[in-house]
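Good morning, everyone, and thank you for making time for this short talk. I would like to walk through one structure slowly, from single strands up to the whole assembly, so please keep the picture in view while I speak.

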Number of protein chains: 2
Amino acid sequence: MTQLADLDTPAALLDAPRLDRAIGRMQQRMDTLGVALRPHVKTAKCLEVARRQRAAGARGITVSTLKEAQEFFAAGFDDITYAVGLAPQRIGAAFDLVRRGCRLKVVVDSLAAAAALAEAARREDASEGLRPEVLVEIDTDGHRAGVAPEAPLLIEIGRMLGDAGLLAGVMTHCGASYECRGAAALEAMAEQERARCVRAAERLREAGLPCPIVSVGSTPTALFARSLPGVTEVRAGVYVFYDLVMAGLGVCAPEDIALSILSTVIGHQPDRGWVLTDGGWMAMSRDRGTQAQALDQGYGLVCDEAGGVLEGWIVNQANQEHGIVEHRGGPAAAGDVQRRFPIGTRLRVLPNHACATAAQHADYAVVEGQAVKARWPRFSGW
Amino acid sequence: MTQLADLDTPAALLDAPRLDRAIGRMQQRMDTLGVALRPHVKTAKCLEVARRQRAAGARGITVSTLKEAQEFFAAGFDDITYAVGLAPQRIGAAFDLVRRGCRLKVVVDSLAAAAALAEAARREDASEGLRPEVLVEIDTDGHRAGVAPEAPLLIEIGRMLGDAGLLAGVMTHCGASYECRGAAALEAMAEQERARCVRAAERLREAGLPCPIVSVGSTPTALFARSLPGVTEVRAGVYVFYDLVMAGLGVCAPEDIALSILSTVIGHQPDRGWVLTDGGWMAMSRDRGTQAQALDQGYGLVCDEAGGVLEGWIVNQANQEHGIVEHRGGPAAAGDVQRRFPIGTRLRVLPNHACATAAQHADYAVVEGQAVKARWPRFSGW
C-alpha cells in the first residue's frame, strides 16, 4: 500500500473520510427538505467522486461543459443537466448526446438561443424525434445570466420552447450567496433564490406552459435553506470538497475541507520569516477567493503533513512553482522558520476555491490517515 | 486547411507571426548584449515553441519542474537548467537525468540542500562519476529565494559545493522587475540584478572557487538592460508570448501579445451592459496580474475574432465557464450589447499572465490570419 510519504509533491490529496462526510451531509439535508440532489460535477470532474454521490442518493448530475457531459455519459451517467447557456455552435453536440440515449437538459435565457434550439428540434423531428429538454435560466440575484422572473421575455422564451415541445422547466444559480455574511443572510438568500425561481415557474404555468422542473442551487443556499416548497431539485458542487471560501461563509469548518495540496519545503528567508515550498500557483491556482472575506487566507491555509491546521500560517505569496509560507503575525511571530520547517518538511495546504485548485491537477491521491488508498483521475478541457 | 471559424471554444490561439517576432526581438537583443539566451520554457511548455527559440539562436533551456526537464530531454534538449531550488527528494531524479546524458544544472540556496547534493555526489562517484552542475541562487531584490551577495553563507555554500566538484556558478531572477514603473526604473532594476549577481560571482572567485556561469534574467530586465558585463547568460520566459502585465510595464504593446483565448458570446444582460461568453476563469485562469497596475484589465482585454483590440472592452468578471465582458465606461458606454455582440459572436481575449492562462489549455491552435496552421500540444503536471 502506498503511503503519504511516498507521494511526490506537489500533489492533490483527497481525505476520504471528509469526502464521505460531506457527501452524506448534503444528501441528508436534501432528503430532509424533500428535494432531489443533482450534484454539480465541475468541482471534482472525477467519476469516482460522482459515483459516491450517486451511491449516497443523488439523482442525475450537473455539468459545466459538454466535455463533462460526454465523459460522464460514457461512464453510465445518463441524466445530465448542462447548466451553462447553450451556444448555438453546441446544439449539434447536444442533440448527438440525446440521440445516443442521454437524458440531457440544456439551458437558455434568450430568444435567439431558444429559436436556434426550436429550429434544430424541427429539423430533428423529420428524422428521429429525439431532443434535449430545455430549462429557462432565471436571474434571482442580478449576479450573472438569466431572465428576470417578472420579465415578459420569460413567457416569450417559454412559448417558443413550448411550441417546439422542448420546455421542461426553470433553473437558477444564486451566485450572490458567495457574498453573504452570516447564517441569517444565507437563509434569506436561499429563500430569495427559491421564491423567485418558483415565481418564474408559476408564471409559465399561468401562461399554460409546462414547467415540471424547478431547479435551484449553490452550496451555501442548499445548506441554509429552511424549506424549499415548489422546488423539485437542488444543484450544488463545491460542498463535495468544501474550501476556505465556504469556511469563510460559515458553511463548513477548515477541518471539513477534503481537498489539500501536499507540498515540500525547499528553502527559507529567515530574516523575513519566509518558508519557501514547491506549492506555487501552478499547484494552488491563482484563485484569491478569500481576499474580500473577513479573513484573507492568501493562497491557502497551511497544515502539517497529517492535515492538522497550523494556526496562523498561510501561503501568503505564490509564483509559478514557489509558494511563500508566512505567519500572519510577521517575522516576529514566525520565529526560527529553519528550525520549525526544515528543508524537506511536507505540508498540506487547504485551498481557497476547490474548483480552481483541483483543476490544476491530473488526479487525486485519496488518503486515509497515512495510507494512499487510490489515485482517481480527473479530466479537463472542453 | 482548418480555419479559425472551425475551432470550438474556448481555445488557446497562438498568433504565429507575433510569436516569431517576439522570439526574434529577444534573441537579437541578447546577441547585441553579447550574452547567451536560455529561454524559460515554463510559459509555453511546448516543444514546438522551444524549437523555434533554439532555431533563432537560444542556447539551452530553463525549466521550472523536473517533469519539464524530462519531457524536453526526451525530445532532444540536453542543456537544461532547473531554476527552482532542488528539494532533497528530487536529487535522485536529477542524477538520473545526468546519467542519461542531460547536461543538467540545478539550483540551491542553503547549506542543507548543498550538503544533500554533495553527499549524493560522493555516493555517485563510487559508481559512475556523473553529477549535475550546481548554481547558487542569489537574492538580488528581496523578492523570493536566494542568498544575499554579501552574505558569509554564500562562501560556505560555495565551498561545500566546490569541495564536491559541483559548483558551476551563480544565478538570480529579479522578480521585483514586475513591479517597476517606466523605462528608467526597469533599467535600474536590470543593472541591480546584474551588479549584485556579478558581485556574488566575484566573491566566490576571490575565495578561490570556480564560477564560470553568471545567469540572470526576467523578461523586463532582459529587454531593458543597457549592458551586461560579467553576465554569461540571460533567462527569460514570458517574452515568448507576452501578456497584459508586460504591456502594463511598457515591455510590449497589446498588439504584440501572441496568446489569446477564443470565446463565444452565449448571452447578455442588456441593462447592465454585460456580454456573457464561454471564456470563464477555466479558460483565462484566475490570474489578476494587472489588478495592481495603472490599468486594471480585469481577466483580459477583448479583441474581435481577427485579433483587433476592441478599445475599452474587458472581461470584467469570471466564473468557471462564464466570462462577463463589460465596457470600462459602464452600461452607458456599452450601448446595445445585443446588437453589437449577438449570440454566437466570437472574440479573442488577451491574457493578463500568459504562463497562467496557457496552463489552462492542453494545446495551442497556431493561427496566421484566418488559417489554423497547426495544433501544438503542451504538457502539464509534475
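Before anything else, we need a word for strands that belong together: two strands pair if DSSP finds at least two bridges between them. With that in hand, look at chain B, where strand S7 (residues 167–171) and strand S8 (residues 213–216) pair in the parallel sense over 3 bridges, and where B:Val170 stands opposite B:Val214 in S8(B). Please keep in mind throughout that this is a predicted model.

Let me stay with S8(B) for a moment, and ask which of its residues lie on each side. B:Ile213 and B:Ser215 are on one side, B:Val214 and B:Val216 are on the other, and all of them are buried, so that both faces of the strand are covered. The background to this is that, in a regular strand, side chains alternate between the two faces of the sheet.

Now we can step back to the sheet itself, which in chain B is an open sheet of 8 strands with parallel pairing, in the order S2-S9-S8-S7-S6-S5-S4-S3. At its edges stand strand S2 (36–37) and strand S3 (61–63) of chain B, and because each has a single partner strand, one side of each is left without a neighbour in the sheet. Elsewhere in this order, strand S5 (residues 103–108) and strand S6 (residues 133–137) of chain B pair in the parallel sense over 4 bridges, with B:Leu135 in S6(B) as the bridge partner of B:Val107.

Chain A has an open sheet of 8 strands too, with parallel pairing and the order S2-S9-S8-S7-S6-S5-S4-S3. In chain A, strand S6 (residues 133–137) and strand S7 (residues 167–171) pair in the parallel sense over 4 bridges, and A:Leu135 has A:Gly169 in S7(A) as its bridge partner.

Let us turn to the nonpolar core. The largest one has 273 residues, and those that touch the most other members are A:Tyr82, A:Val170, A:Tyr242, B:Tyr82, B:Val170 and B:Tyr242. You have already met B:Val170, as the residue opposite B:Val214. As for B:Tyr82, if we leave out residues up to four places away in sequence, the residues that it touches include B:Val63, B:Leu66, B:Leu104 and B:Val107.

There is also antiparallel pairing to look at, and for that I would like you to find strand S14 (residues 323–327) of chain B, which is mostly covered, with 5 of its 5 residues buried. B:Gly323, B:Val325 and B:His327 point one way from S14(B), while B:Ile324 and B:Glu326 point the other way. Which strand does a hairpin join to S14(B), and through how many residues? The strand is S13(B), and the hairpin passes through 4 residues. Strand S13 (residues 309–318) of chain B and S14(B) pair in the antiparallel sense over 5 bridges, and here B:Ile314 stands opposite B:Glu326. Strand S11 (residues 274–277) of chain B also runs antiparallel to S14(B), joined to it by 3 bridges, and B:Val275 stands opposite B:Val325.

We can now move up to the level of domains. Chain A is divided into domain 1 (16–239) and domain 2 (254–377), and the C-alpha centres of these two domains of chain A lie 34 Å apart. Across the boundary, 11 residues of domain 1 of chain A are in contact with 12 residues of domain 2 of chain A. On the domain 1 side, the largest share, 5 residues, comes from helix H1 (residues 16–33) of chain A, and that side divides into 7 nonpolar, 1 polar and 3 charged residues.

Finally, let us consider how the two chains meet. In all, 41 residues of chain A are in contact with 39 residues of chain B. Among the elements that give two or more residues to the chain A side are helix H5 (111–125) and helix H13 (354–358) of chain A, but S10(A) gives the most, with 4 residues. By class, that side has 18 nonpolar, 15 polar and 8 charged residues.

How are the two copies placed relative to each other? A rotation of 180° with 0.0 Å of shift along its axis superposes chain A on chain B, with an RMSD of 0.0 Å, and the two copies are therefore related as by a two-fold rotation axis. In chain A, the C-alpha nearest the axis belongs to A:Arg286, at 2.4 Å from it. The same surface serves both copies, since 95% of the contact residues of chain A recur in chain B.

Key:
Residues numbered from 1 in each chain as written. Chains lettered and ligands numbered in written order. Predicted model: local features only at pLDDT ≥ 70, side-chain atom pairs only at ≥ 80, totals over all residues. Domains from an automatic or database assignment. Contact = placed C-beta atoms within 7 Å. Nonpolar A, V, L, I, M, F, W, Y, C, P; charged D, E, K, R; others polar. Least-squares fit on C-alpha atoms with pLDDT ≥ 70 in both. Core = buried A, V, L, I, M, F, W, Y, C linked by C-beta atoms within 7 Å. Buried ≥ 20, exposed ≤ 12 C-beta atoms within 10 Å, placed from the backbone.
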